[in-house]
Structures are given as structure tokens and as C-alpha cells.
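Subject: Structure for your review

Dear colleague,

Please find below the structure that I am handing over to you. I would be grateful if you would read the notes beneath it with the structure open.

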Amino acid sequence: MKNRNIKEWLQKAGIRAIKTMAQAAIAGIGAAAALGEVNWKYVVSASVLAGVLSLLTSTAGIPEVPENAEETEDKEETI
């Protein structure tokens, strides 16, 4: 993560992972409810896995966090 603000990256990646976990939980609960019974172990494990995968995917780059300081300066000038 060259030239990135680690704190900002962690915040953005964390928010993205939490949103992903919530979406996975909603999908798991909805699918299980349609079948008649919610298996909470499944819902929790699938949600945690989704969060971990989201964090790993975020290491490749997050659009919300600029790659370098020049991009940040450009964005501030246009605002």
C-alpha cells in the first residue's frame, strides 16, 4: 500500500467488509427462512467468510482511497 493513508484504508475497507457481511447475513437468513428453518451457525460463518473475503479483495485497491497524494490533490481542487 504505497503512499496510502493506512488509517483511511482500514476505515474504508472495514466499512465495506461490514456492509458485505450484512448482505451475506440477509441472504442467508432469507434463503434459510424460505426453506423453513434458519441455521444460525451457517448464517454467521457465511457472513464472517464474506467479511474476510471483502478485506482480502480490498488489498487490491479501494476506489474510495486514492492511490497516491496527487490524486487527492486533484480531487480537492475540483471540489
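The notes below set out what was found, beginning with the chain and then turning to its helices.

This is a predicted model, in which local features need pLDDT of at least 70 and side-chain atom pairs count only at pLDDT 80 or more, while totals for chains, interfaces and linings use all residues. Residues are numbered from 1 along each chain as its sequence is written, and side-chain values use heavy atoms, with hydrogens and water left out.

The chain as a whole

The chain contains three helices and zero strands, in the order α-α-α along the sequence. Helices here are DSSP runs (H or I, at least four residues), strands likewise (E, at least two), numbered from the N terminus. Of the 79 residues, 20% are buried; buried means under 20% relative accessible area, exposed over 50%, and partly exposed in between (1.4 Å probe, protein chains only). The exposed area of the chain is about 5900 Å², with 62% of it supplied by carbon and sulfur atoms; areas come from the Shrake-Rupley method with a 1.4 Å probe, and for residues only the protein chains shown count as cover. Contact means heavy atoms within 4.5 Å. Among contacts between residues at least 6 apart in sequence, 72% join residues at least 24 apart.

Helix α1

Helix α1 covers residues 6-35, and its end C-alpha atoms lie 43 Å apart, which agrees with the 44 Å expected for 30 residues at 1.5 Å a residue. The expected span is 1.5 Å times one less than the number of residues. The buried residues of α1 are W9, A13, A17, A25, G28 and A32, and their cover includes α2 (40-58).

From α1 to α2

Just after α1, G36 adopts a positive phi of about 120°. V38 lies in the loop between α1 and α2. Leaving aside residues up to four places away in sequence, V38 touches I29, A32, A33 and V43. N39 caps the N-terminal end of α2, with a side-chain oxygen 3.2 Å from the backbone nitrogen of K41.

Helix α2

In α2, V43, S47, A50, G51, S54 and S58 are buried. These residues cover an arc of only 100° around the axis, which puts them on the same side of α2; the arc is that of the directions from the helix axis to the C-beta atoms. On the other side of α2, K41, L49 and L56 are exposed. The cover of the buried residues of α2 includes α1.

Yours sincerely

Methods:
A polar contact is a pair of N or O atoms within 3.5 Å; within protein, one must be able to donate a hydrogen and the other to accept it, and residues adjacent in sequence count only if both atoms are side-chain atoms.
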